[in-house]
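Reader: I'd like a close look at one residue here, and then at what lies around it. Keep it brisk, please.
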Amino acid sequence: MRTIQGSLIVSSFINIILGYSKGWATLTRLLSPITIVPVVCVVGLGLFMRGFPLLANCVELGLPMLILLVICQYSKNLHSSARPVLERFGLLFCGGIIWAFAAILTVAGAYNNVGFRTKQSCRTDRSYLISSSPWVRVPYPFQWGAPIFRASHVFGMIGATLVSAAESTGAFYGAARLAGATSPPAHVLSRSIGLQGVGLLLDGIFGAAVGSTASVENVGLLGHTHIGSRRVVQVSTGFMFFFSIFGKFGGLFASIPLAIFAAAYCVLYGIVAAIGISFIQFSNTNSMRNHYVLGLALFLAISIPQYFVSNTTGDGHGPIRADGGWFNDILNTVFSSPPAVAMIVGTLLDNLLEARSTSNDRGIPWWKPFQNRKGDSRSAEFYGMPIRINEWMPTRYL
C-alpha cells in the first residue's frame, strides 16, 4: 500500500502540471469531431470485458437484471406518469429486485457448493464484507505509514496517469453531449485534468488503493436517467463521505453481486459508445478520407490494446521489453488503453492526412468556436465553477 501511495503522489503532479500549465489544452486543440468519435466510442466499448463476460459468471442474476432494464425502457411509454419515474429510478428498482433475489438465494444455500468464481459473482456475503467492516472509521493522512517511492511503481503509475487523462477526456466529451451542453472548451478540459491530479494527490495522501478518474458508468447513467444536475453530484459526494466513514453501510452496498453491476454496464457503456458515434454528424459522413481515419483509429484502438493485454505476463511485463524498465512500464500501459490508442492514432491521421484542404469535411467550422474561452456565450453557463469558486480562484486556473 505504501508504494501505491508514493506512486499516486508523484503521478498526481503529472496531471496537475498538464492541467495548469495548459499543456493538455494545447493537445486537445488538435482534436476534431473525427478524432472524438473513436475516442468516446472506445471509452465505452473498451470496457466490454466488464459487461457480458462478467455477467455470465452468474447468469441467473445478471441476465434477469439485463432483461428488467430493457423492460423498463419499454414500460416508460405505457403511461406519461411512468416515464419520469422509470427514467430516474428504473436502474435502482431493477437492481433492488435482483439484489433481494440474490440475498434469498444466498440464505437458501444455493451457492454453498459452487466454484469460487461463482461465489464471488453471486453471493451477497462474499468475503463477509458487512460483518468485517467497522461501524465507524475515519480515514486520515498516511494511515498506512510513510509513502514509499520506487521508480518501477512510479513510472508505471505515470503511464496510468496519461491513460487516465485520455480516457477522462473522452468521458468529458460524452458527458457534455449527453447533458446537452456545448463541447468542452480546451481550457475546461485542461482545468479538469488538473483537478483530477489534485484528486490523485488526495488519494495518495489518504492511502487509497487506486487512483481516481472520470467515471464512465456515471456518463452512461447521465444518458440513462436524463439528469445532468450538478446538485446530484454534490449530494452523491456527501453519500461517499458517509459510506467511507460508516463502514457497515459501505459494506452493505459493497455486497451487491458483481453480476448486477455487469448487467448495468452492458447498458451504460453502450450508451457512451453510441454517443461517441453521434459526433460524426458534425463532419462529412460521405468523405472517404473521414471513413479511413475513423475506421483505422477505431479498429486499432481495439486491436492494439488486445495484443498488449494478451501478451502481458502474470508479473506485469508487457510485450515492449527494452533496456529501460521505466520506458517499458509507460509504453506498455499507454498502449494497453483503447482511448489512449484512439487519441494517438486518430489525432495523427486527422492532422497529417489532407488536413488543411478538408477542414470543412472534418467539421472544423463547427468545432473551432468551442475551443476558445469566449467562443460560445453558453460555455460560461455550462462550465462556470460552482458555489462562486471563481471569485477567489486565480483566473488562469479557471
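What is the relative accessible area of W366, and does that make the residue buried, partly exposed or exposed?

Author: W366 has a relative accessible area of 27%, so this tryptophan is partly exposed. The classes follow fixed cut-offs: buried is under 20% relative accessible area, exposed is over 50%, and partly exposed lies in between (1.4 Å probe, protein chains only). Two points on reading the values. The model is predicted, so local features need pLDDT of at least 70 and side-chain atom pairs pLDDT 80 or more, while totals for chains, interfaces and linings use all residues; numbering runs from 1 along each chain as its sequence is written. Side-chain values rest on heavy atoms, without hydrogens or water.

Start with where W366 sits. Its place is in helix α19, residues 364–367. Helices here are DSSP runs (H or I, at least four residues), numbered from the N terminus. Set aside residues up to four places away in sequence, and W366 touches P33, S183 and F282. Contact means heavy atoms within 4.5 Å. One of these partners, P33, falls at the start of α3, which spans 33–45.

Now follow the chain back to F279. F279 and W366 are 87 residues apart along the chain, and their C-alpha atoms are separated by 11 Å. F279 leads to the interior. The largest nonpolar core has 42 residues, and F279 is among those with the most contacts inside it, together with W24, I36, V40 and Y173. Several helices each supply at least two residues of this core, including α9 (151–179), α15 (288–310) and α17 (338–352). The most comes from α3, with 8 residues. A nonpolar core is a set of buried Ala, Val, Leu, Ile, Met, Phe, Trp, Tyr and Cys residues joined through side-chain atoms within 4.5 Å.

V40 shows how such a residue is surrounded. Leave out its neighbours within four places in sequence. V40 is then in contact with G170, Y173, G174, V272, A273, I275, G276 and F279. Y173 and F279 thus appear in its contact list, and both are also named among the core residues with the most contacts.

A second core lies apart from V40's. V40 is in contact with Y173 and F279 in its own surroundings; the other core has 21 residues, among them L61, L69, L86 and A259.

Next, the charged pairs. The whole structure holds 6 salt bridges. A salt bridge is a side-chain nitrogen of Lys or Arg within 4 Å of a carboxyl oxygen of Asp or Glu. Take D350 and R289. Their side chains meet in a salt bridge, at 2.8 Å from N to O. This pair links distant parts of the chain: D350 in helix α17 and R289 in helix α15, 61 residues apart. D350 is buried, and R289 is buried too.

R83 and E87 form a local pair. Their salt bridge is 3.3 Å, N to O. They are separated by about one helical turn because they lie 4 residues apart in helix α6, residues 82–107. R83 is partly exposed at 34% relative accessibility. E87 counts as buried at 11%. K76 joins R83 and E87 in a network of salt bridges.

R123 pairs with D125. The closest N and O atoms of this salt bridge are 2.8 Å apart. R123 is buried at 14% relative accessibility, and D125 is partly exposed at 29%.

Last, the cysteines. There is 1 disulfide, where a disulfide is a pair of cysteine sulfur atoms within 2.5 Å. C58 and C122 form the link, at 2.0 Å from S to S. With 135 degrees about the S-S bond, it is right-handed. C58 lies in the loop between α4 (52–55) and α5 (59–75), C122 in helix α7 (116–122), and 64 residues separate these distant parts of the chain. C58 is buried, with a relative accessible area of 0%. C122 is buried as well, at 0% relative accessibility. C72 is in no disulfide; its nearest cysteine sulfur belongs to C94, 3.5 Å away. C72 counts as buried at 16% relative accessibility. C94 is likewise in no disulfide, with the sulfur of C72 as its nearest. At 3% relative accessibility, C94 is buried.
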